[in-house]
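Colleague: I'm new to this one and would like a close look at a single part, the sheet. Could you walk me through how the strands are arranged and what packs against them?

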Amino acid sequence: MLRVRCSVYHAAVIILLTLTLAGCSVEKNTGSSRFYHSLISKYNIWFNGNEAYKAGLEKIKTSHRDDYSTILPLFEYSSPEAARAATSDMERAIQKASKVIALHSITARPEEKKRRGSDDRSEEFYNRREYNEWVDDAYILMAKAQFHQKNFMAARSSFSYAISIANDPEIVTEAGIWMARIQAEEGNYAEATRLLRTVGEPESLSRPLQAMYYSTEADILLRQERYREAIQPLTNATELTSDKDTRVRLTFLLAQVCRAAGDNELSTRYFSQVIRMNAPYDLEFNADINLAGVTDISRGDAEDLMKSLRRMLRDSKNTDYLDQIYFALGELEMRRGNSDEALKLWSQAAASSTVNSRQKARSYLALGDHYYSLPDYMTAWNYYDSASYLIDQQFPGYDRISRRTTDLGEYAEFHRVVMTEDSLRRVASMPPAERDALIAGIMRTAEEEQRQAASGEGSDRYNMGQYYENEQRSRGAITAEGGWYFYNQSALTFGRTEFKRRWGDRRLEDNWRRANKARAAFSNGAATEERHENSASDTATVAPALTKEFYLRNLPLTDSLMRLSVNRSATALLGEGKILASRLGDTLTAAESLELASRTGNDDRIKAEALYELYRLLRNSDPARAERRRAELLGSYPDSEYALIISDPDYVRRQQEQAAMAARRYEEAWEAFSAEQYDVSRAITAECVRLYPEHELVPKFMLLDAMATGALEGEIAYKEKLDSLVAKYPATAEGRRAAEITEFLRREMPAVKEAEDIRIAEELYHSDPLQPHWVMIIAGNARANMNQMVFDVINYNLDTYPNMNYGTEGTAVDRGYILITTGPFGDAAEAEAWVTAFDPATHIRGADTADISVWQISRDNLEKFRVDKELDRYLIFYRKEYGTVR
């Protein structure tokens with residue numbers, strides 16, 4: 001009986017629930033349906049979505065790492081990594097919000113027959129667009145999740161719709177503030193400010209919305225670096241924030257903003273407040289560090305702060321923060337006027353940086369800024385150059401730093417020439433005995449450096465003047481900073497820059513010094529094998545840096561070389577003067593360089609330009625001096641372009657008209673070429689090259705002339721024109737294009753290559769049968785055993801010509817063949833006799849697979865061949881001069 005009653009009860013409950021749910025369809029708008037769908041929306045779907053959203057916010061907060069050396073972003077979500085950190089949680093929040101909207105939105109109006117009265121409240125209710133009070137919350141949730149995904153277009157749409165259907169004024173206000181935040185994230189600050197103002201006066205809002213309002217206002221101002229204006233709204237946001245961690249962080253940010261606004265007293269107060277707030281260690285530590293830059297040292301607080309910072313150096317917790325502590329100590333010493341001590345501390349900060357590359361960059365920049373202000377631009381450039389390797393576009397002031405590094409680098413290139421040429425001339429002017437003693441000392445220094453270096457040919461571009469100059473600079477930097485070389489940042493910077501200048505970009509590998517590694521490998525191996533075989537043929541070479549000739553070769557020891565050196569200095573002085581004036585803004589130093597340029601060398605063009613630049617530089621600051629330079633320019637160089645610019649008011653206008661005419665004529669030439677009127681096009685280009693020889697369009701005219709010539713006379717004439725363009729304007733876009741076309745013609749059209757080879761061979765090689773000769777043994781198979789072939793030739797010489805002591809060496813040439821040379825022979829006849837007697841098949845092992853041919857060549861032609869390396873070109877000359885190749 002009890003079982004029957006239970007069954008009847010369960011059936012009744014099921015029937016009741018079915019009838020209830022049927023009456024709660026979203027198609028019907030009744031009190032029960034609104035209650036049901038609101039209940040399900042809030043406590044089931046929306047709740048889970050909001051939990052996912054909060055989890056995403058926590059991940060954003062956890063993954064964000066503040067860089068305390070720069071002004072913090074007000075919101076952690078602003079970092080690019082934020083969207084990636086919370087992707088899955090935000091996606092879940094969007095799905096849940098969408099489910100609320102899709103399944104529980106009630107848009108049907110209630111039945112009019114149940115309507116009671118016609119007051120405003122009743123009218124508002126019956127005209128609503130949404131009757132589920134949690135749907136607008138769902139739209140807000142979805143929009144916020146889309147915002148954190150950086151999907152601002154979708155977020156803007158969702159917030160806008162939430163505003164249109166919301167029945168709660170606070171939801172409308174919140175959505176309006178979020179809309180302002182979207183505009184701020186997109187960089188539209190004026191629109192962000194306008195939208196924020198539309199939500200009403202912040203005093204009328206609830207406390208959470210006030211905090212949201214003021215933080216958004218502060219963020220908009222901070223993004224525009226309007227620090228002074230941002231202080232009040234940021235102060236309000238900090239006071240209204242209920243979360244303790246957020247309040248501590250905002251207090252630190254407020255201290256940073258006050259410092260940026262120049263209010264060190266207020267900044268000191270807020271940094272001190274952070275320390276008293278039981279903040280996380282990184283915030284407390286950085287507040288202590290930042291106090292060094294804002295504390296009022298006139299009140300005697302500097303000593304206490306100094307002691308506190310030095311105690312921090314001894315704390316084991318700060319091992320990874322030593323660079324920041326040294327930097328803060330340096331900052332404090334600089335503010336106290338102790339610049340030498342500050343420089344030492346900043347150098348220690350850079351040397352102590354283990355994991356914080358941004359702090360190392362700050363240390364380099366502090367050093368660079370100090371030397372820039374002196375001014376000592378060469379040292380400043382060393383530090384700026386080092387800093388530029390450590391920063392990216394997110395680093396504060398990146399554009400300014402990058403621009404200054406470039407400007408200083410260009411100045412350094414010019415100034416280095418001035419220093420180098422000055423060193424060379426100074427050494428060249430020494431008495432021979434004093435000069436020899438100096439070189440001997442440098443050679444002793446270089447001997448240790450070269451001890452383990454392999455001998456042989458290299459592309460060492462180091463000259464004695466540069467060595468002398470850089471030796472002084474390097475020693476000066478090390479003396480100034482002290483310490484071991486690899487702890488000395490100036491020395492390290494100098495070393496890296498000098499390595500790139502001397503060697504170029506080389507990979508870290510064996511024999512990195514060698515341009516021809518195959519030859520280097522052979523040189524070492526061959527020397528070893530020769531010693532084992534007691535051969536006395538080839539003489540071992542001496543490292544260039546250990547020979548006196550190496551240091552003498554770039555010295556201007558003749559009058560003509562001395563004049564060239566002086567002119568190079570004049571050109572560099574002019575260049576650095578223009579950089580100083582236009583890019584570095586140092587009028588005084590620029591005037592000194594330009595004055596020297598106008599008095600140096602014998603190049604009238606350089607002197608005229610230097611005087612013109614001096615006139616332009618000084619005409620406002622020192623009119624009398626500027627007028628003297630103007631008079632000198634007009635008196636000494638009246639026909640120069642710069643004198644004409646000053647003396648003839650119409651000169652610049654005529655030059656502009658000439659440029660316009662050249663451009664029009666080029667268009668005419670191009671139109672004629674396009675219409676296949678090649679003769680007309682050539683006539684125009686020839687005329688323009690004659691009339692405007694210095695115009696920037698000349699390379700274009702020459703390229704167009706070459707194209708028209710090719711159309712009329714064929715590929716060989718085409719290539720000759722292109723060669724002329726490449727020879728005269730190799731660095732222009734047209735010159736590079738001409739070189740590409742030439743290479744294509746040479747590769748694809750044998751007749752063009754053959755004609756070119758004949759021309760070059762005739763220009764390159766010359767007959768002189770009485771000159772000493774060598775024999776070249778060419779192995780066409782680059783994989784042949786070069787060492788073995790060299791020793792076979794050496795053995796042949798020892799056996800056949802024991803008294804002649806011919807030298808033999810081998811090189812793997814980058815044209816795909818092996819070159820072995822033996823000699824020298826007295827003349828062509830002696831070399832021919834050797835060639836006639838030598839049978840490769842008999843005397844060289846593996847000759848059948850090495851593809852060997854034997855040539856003779858004069859001494860001068862061998863030097864040219866080593867540079868040209870093209871077998872086909874020498875073969876043209878060889879057949880004409882010597883006959884058939886063996």
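Modeller: Here is a walk through the sheet, followed by a short look at its setting.

A word on the ground rules: this is a predicted model, where local features need pLDDT of at least 70 and side-chain atom pairs count only at pLDDT 80 or more, while totals for chains, interfaces and linings use all residues. Residues are numbered from 1 along each chain as its sequence is written, and side-chain values use heavy atoms, with hydrogens and water left out.

The protein has 42 helices and four strands; these are DSSP runs numbered from the N terminus, with helices being H or I of at least four residues and strands E of at least two. The four strands make an open, antiparallel sheet in the order β2-β3-β1-β4, where strands pair if DSSP finds at least two bridges between them. At the edges you'll find β2 (807-813) and β4 (852-858), each with a single partner strand, so one side of each has no neighbour in the sheet. From one strand to the next, the twist averages 20° (axes are lines fitted to C-alpha atoms, for helices over the stretch in contact, and angles run from 0 to 180 degrees between N-to-C directions).

Now follow β2. Seven bridges tie it to the antiparallel strand β3 (residues 817-825). Thr811, for instance, has Leu819 as its bridge partner in β3, and Gly810 has Ile820. Three residues lie between the strands in this hairpin, where Gly816 takes a positive phi near 95°.

Two helices pack on the sheet. Helix α37 (residues 786-800) touches β1 (773-779), β2, β3 and β4, and its direction makes about 160° with that of β2; contact here means heavy atoms within 4.5 Å. Helix α38 (residues 828-837) touches β1, β3 and β4, with its direction at about 170° to that of β4.

Edge strand or not, β2 is largely enclosed by the rest of the structure, because five of its seven residues are buried. Buried means under 20% relative accessible area, exposed over 50%, and partly exposed in between (1.4 Å probe, protein chains only). Of the 886 residues of the protein, 45% count as buried.

What about nonpolar cores? Each is a set of buried Ala, Val, Leu, Ile, Met, Phe, Trp, Tyr and Cys residues joined through side-chain atoms within 4.5 Å. The largest has 147 residues, with Phe159, Leu309 and Leu633 making the most contacts inside it. A second, separate core of 24 residues includes Ile794, Tyr806, Phe825 and Ile844.
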